[in-house]
Each structure stands twice: as structure tokens, then as C-alpha cells.
Amino acid sequence: MTTRIILSHRRLLDKEEGTITKKWGGKIPICLVFPNSYHVGMSNLGFQLLYRHLNSLPEVVCERAFLPERKQWEEYLRSNTPLLSLESCKPLLQFHIVAFSLPFENDFLHLLSILQLAKIPLRSQERDDRIPLIVAGGAAVSLNPEPLAPFVDLFFIGEAEEAWIDFLKAFQGVDRGSKKEFLEEAAKIEGLYVPALYQVTYDQKGFIEAFSPLNKKVPDRVKKRWLKDPNRFPSHSTIITPLTEFKEMFLLEVNRGCPMRCRFCAVRSLYLPFRNRDIDVLIEEADLGLQRGRRIGLIGSALADHPHFTGLCEHIVKKGGKISIASIRADAITPQVAHLLAQSGHRTVAIAPETGSERLRKVVQKGFTEEEILSAVKILVAHGINNLRLYFIIGLPTESWEDIEGIVDLAKRIRHQMLKERRELGEITLSINPFIPKAWTPFQWHPFDEVKRLKEKIKIIKRGLQKIPHLRVLYELPKWGYIQTLLSMGDRRVAQLLLLAHQTKGDWPSAFKNSYINPDFWVYREKKKEETFPWDFIDHGLQKETLWREYIKALNKG
Ligand code: SF4
């Protein structure tokens, strides 16, 4: 263990307000790991909520670990130190449970890097009873955990607050020496999935033939867990530190899920049913943030769908506080909302037109029109909010070259609308992302657009807008969209590609070259209606048949 690493941990902890430190004696030590930097991990409210939730249980002591930054990583290697937890600087191997939080597929590879740095064997079958149990949860693995199946002992599917309580009860009930026995027990708990207890067989063409439990005691399908009462647990920042995306903001969850049905989006299935938190609870929690003198960051995919959204904002502003929102639906921007945002010093708002044309907006079922977008822009600018971030998706089903030109035209019309309202123009930032097919959405049958074609589309947008002042175009590289699709759509065989990419330090092209597995099978192929998907065994409360009908409806609008 080196002093440099210990000191760097101390520097992070010194800047934190709200760190929980507990004594280990007689408790179950859990290391909660965010497989990305401290900055990214601590900006994630879900990660912070789980940290507080686990530490609120008397039988648990929960510490954190992150993917070390490059310099620190080198220091770990130079000093041959296994990865240490942030709070007590203990090696991960000394914990009973190592729990990964995985909201994004892009972090799958980091999970392997962290296991290696922690000197924990990568594959579950190589780990004996002395090695901590490796568990994982979060949005990405709740949709499709299969590419990580060989590396993780147990997955939490869905919202994990209550599942953790049941899991720990079972964990305490079984002799610590017997991991296998415990996993067999845990697999019976709703929302828990133990991949080693299921077998997948494939036909000659490589399609999944069967996905079946290896013993009769575990269920055929794993039911997603969801929290019936979203007020049951506090849902706000645990730790405040300037070293996050949100700086020293106090984050507050307003609602879970989304009542809209955009066909590309997995939020609906992940957090079904849509739930608002009670206004009394929200006010109580917002007041906690105000007492700490903080700006309140309101979190939720459908903020304005809360019946007391403006009331909550007014309460915060009346008390001398400030509100902040990451993005809001265009059709939810009213003069009252814009006024409250402006009063809070908001100078930038993000909205997501998603597409350049009205036709394609109907295909994806976005639920608002161009007229509503322009009206939202008018209201915002009239209130002095003259910086806009606009999110667009390219490569959507039925998209044509005219739809791409439509993005250029819409951006120009928005700029024109802003100029009409106010002479001095702020910044307009277009954020262009490729469409990634997601499990449990109507577009799960659709392939990823070709990388070459996506590059061409980005070029058209950039060219169309390049000479326009105060307007810039940011975009995600299509090659990363390809990898994300592979990890979103892949089955257990993709684990071999992950392993190769890990061995080549993230060099995916050489991993693909060195494998007999063709990733295009999962990325570029339009799937058949009757195909068995790797994630079909998860019960999200949605019928596959209904999603298929939605998909066909969308294609028919093309
Ligand atoms: S894209 Fe936004 S509005 Fe549409 S379903 Fe997803 S979260 Fe809701």
C-alpha cells in the first residue's frame, strides 16, 4: 500500500460533506464500486442512494471504490497494490461483497479492469469461497446482463432497494463458507438473477434455442423488482462534493420512470410503472438541501409530469433557493416554468427534439411537434434563457437523408426564432448521438445503422451548420455506438469479446480480429419477430407481442 494512494483518497474525502464512516466489527463489509472515475460515479444519484441505503442497515458497513485515474492506476501497478476502498483503504478482497453499479454499457469493460486491479479472478467459476461475492445492478444490466454473465455471481434486476434487504437476510442465513448454497437460495428471491444457474443453448445458425434453469428450484423467468412506494427511502444526495458534474448541488429525485412512450427509449420499461414522489416528502427533502445552502437539482425523466412540479419549484425559489434541471420536455415549458428557471439563474436549458422532421418524430412517438419546440424556444428566450442544448438521434428506423437535412433546417429555424425574440444570441449546441437499440423497447428488433453511413450523416449536419455563428455541433463517434450496441444486444458469447478487449487494453478492433465471433451478428442484423432474445427471461411487466406491434406501427409510418 502506498502513501500516495492513501493521500489521494484523503484529499477526496476532505472535500466531501456527508461521508458515512462505520466501524467494521461484526458487520457485513460491502464495497460499492462505480466502474468509472470518482467524478462520474459521484455525479450519479442512484449510486449515492445505494451507498446511503446500505449504510442505513445496522448489519452492513458500505464503502466505495472507483476506477482510478491514469496516474493513480500507474501507482497501483508500480507499487503492486490491489485496488483499495476509498474510506478505509482496505483491499477489495477483504470485503464480503463487491457490488458494481452499472448504469451504462460503456463501463462493462471497466468492471473487468477493476476485478483485475483488485486481484480478483475475472470469471465466477475461478473464484472460490474465500473471494468476495461479485454482484451488479443498475439500468444497463437490468435490461440485459448477459454479456457479463460469466463474470458476475449475481445480478439485481430492477430497483434494488428492497431486494438488497432480502438478499442480505439470505446472506446472513447461510454459512459464509458456502457461496454455492447461498446463490441457490438467493436465486429464489424476486429480482435476483444468478447466471450460473441457467443454461443457454444455440442452434446451428447461432440463434438462441433455449434458455433454461439448471434446477427446478429457480424460476424460469426473473421478475424485475420495483419500489411500490417511492417515498419509502430518502431520495436525495448523500454526499456533496465540488468534484462532481453537478458541483455542490443537492440532487432530489422528483419521480421515477416516464409516462411517455418514445419507441427508442428504455426508461419506460426499466421504471414501469411511472411514479411520482409525494409533494410533502419532496418539500421536506428540498428543505434539507436548502438548509445546507445548496442549489436544488431536480432529477426525473418527466419532471413536469409531477402534478406539483411548479409548486415545488416555487417553494424552493420563495425560500431563497435556486433550482436546476438537466433537461425538460419541450411541451412542458410554460412561461411560469421559464420564469422560475430564470429566477434561479438558469441560462441554459436542454431539450430533445430527437429528429429533424415531424414524420420521424411520429415514427419514434416523441409526442410533441415542431410548433411546440419553437414555442418552447420563444418562451425560454423571452425569459432571458438564451443558451440551448438540443439533443438529436441519428440512424433511427425509417430515417432518410431528408430527415438528416431536416436536423440542419430545424437548428436554423430554432436559431431564427431566438433571434426574432432577442437580438443578442447565446450558444446553441447540437448534441448528435447514434440510435442504440435497447432491450425491452419496440425498437429492439432494429439494427444499428452502419458506421460509414452514420459518419456521412454527421458530415452533412456539420457542413450544413458550420458557418453559423454561436452554433456548434457535438457528436458521439459512431464506432462507440457500435460497441454500445454490441453490449446492449449481446448474449453470453459476447463475454469472450469483452475478455479479448480487456486483454488488449480496450483495443476493440484487434479483439474482433482475434476472435472467430462476428459482432455484426448482434449489431447489424434486423431480428425476426419470433427470435428468442438473450434478455427474454426478464419479466419487466411488458408483453413482447405488444412491443412488436409498436415496432410494426412505427415502420408503417415510414
Ligand atoms: S425519451 Fe424522454 S420523454 Fe421519451 S420515454 Fe424516454 S424519458 Fe420519456
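Colleague: What is the order of the strands in the open sheet of 3 strands?

Modeller: The model is a predicted one. Its open sheet of 3 strands is paired in the parallel sense. Neighbouring strands of this sheet are turned against each other by 30° on average, direction ignored. The order of the strands is S10-S13-S14.

Colleague: Why is one side of strand S10 and of strand S14 left without a neighbour in the sheet?

Modeller: Strand S10 covers 250-253 and strand S14 covers 323-325. Each of them has one side without a neighbour because S10 and S14 stand at the edges, each with a single partner strand.

Colleague: Which residue of S13 is the bridge partner of phenylalanine 250?

Modeller: Strand S13 comprises residues 296-299, and its parallel pairing with S10 runs over 4 bridges. Within S13, the bridge partner of phenylalanine 250 is isoleucine 296.

Colleague: What angle does the direction of helix H10 make with that of S10?

Modeller: Helix H10, residues 279-291, packs on the sheet. The strands touched by H10 are S10 and S13. The direction of H10 makes with that of S10 an angle of about 175°.

Colleague: Is the crossing of H1 and H4 left-handed or right-handed?

Modeller: Helix H1 (residues 3-14) and helix H4 (residues 70-78) have axes that come within 9 Å and cross at roughly 145°. Arg4, Ile5 and Ser8 of H1 make the contact with Gln72, Glu75 and Tyr76 of H4. By class, the residues of this contact are 2 nonpolar, 2 polar and 2 charged. The crossing of H1 with H4 is left-handed.

Colleague: Which helix supplies the largest share of the side of domain 1 that touches domain 2?

Modeller: The domain assignment gives domain 1 as 3-223 and domain 2 as 347-556. Taken over C-alpha atoms, the centres of the two domains are separated by 30 Å, and 23 residues of domain 1 are in contact with 24 residues of domain 2. Helix H5 (108-117), strand S8 (208-213) and strand S9 (222-223) each supply at least two residues of the touching side of domain 1. The largest share, 4 residues, comes from H5.

Colleague: How many residues of the side of domain 1 that touches domain 2 are nonpolar?

Modeller: On that side of domain 1, 4 residues are polar and 4 are charged. The number of nonpolar residues there is 15.

Colleague: Which glycine in the turn between S7 and S8 has a positive phi?

Modeller: Strand S7 (residues 198-202) pairs with S8 in the antiparallel sense over 5 bridges. In this pairing, threonine 201 has alanine 210 of S8 as its bridge partner. The two strands form a hairpin with 5 residues between them. The residue in the turn with a positive phi, about 95°, is glycine 206.

Colleague: How many residues in the contact of H14 with H15 are charged?

Modeller: Helix H14 (residues 370-382) and helix H15 (residues 401-421) pack at about 35° with their axes 9 Å apart, in a right-handed crossing. Among the H14 residues in the contact are Glu370 and Lys378, while the H15 residues include Arg413 and Glu421. Beside 7 nonpolar residues and 1 polar residue, the number of charged residues in this contact is 4.

Colleague: Which charged residues are around the ligand?

Modeller: The residues around the ligand include Cys258, Met260, Cys262, Cys265, Val267, Ser301 and Ala302. By class, the shell has 6 nonpolar, 1 polar and 2 charged residues. The charged residues of the shell are Arg268 and Arg329.

How values were computed. Residues are numbered from 1 along each chain as its sequence is written. This is a predicted model: local features need pLDDT of at least 70, side-chain atom pairs count only at pLDDT 80 or more; totals for chains, interfaces and linings use all residues. Two strands pair if DSSP finds at least two bridges between them. Axes are lines fitted to C-alpha atoms, for helices over the stretch in contact, and angles run from 0 to 180 degrees between N-to-C directions. Two residues are in contact if their C-beta atoms, placed from the backbone, lie within 7 Å. A crossing is left-handed if the near helix is turned anticlockwise from the far one by less than a right angle, and right-handed if clockwise. Domain bounds come from an automatic or database domain assignment. A residue is near a molecule or strand if its C-beta atom, placed from the backbone, lies within 6 Å of it.
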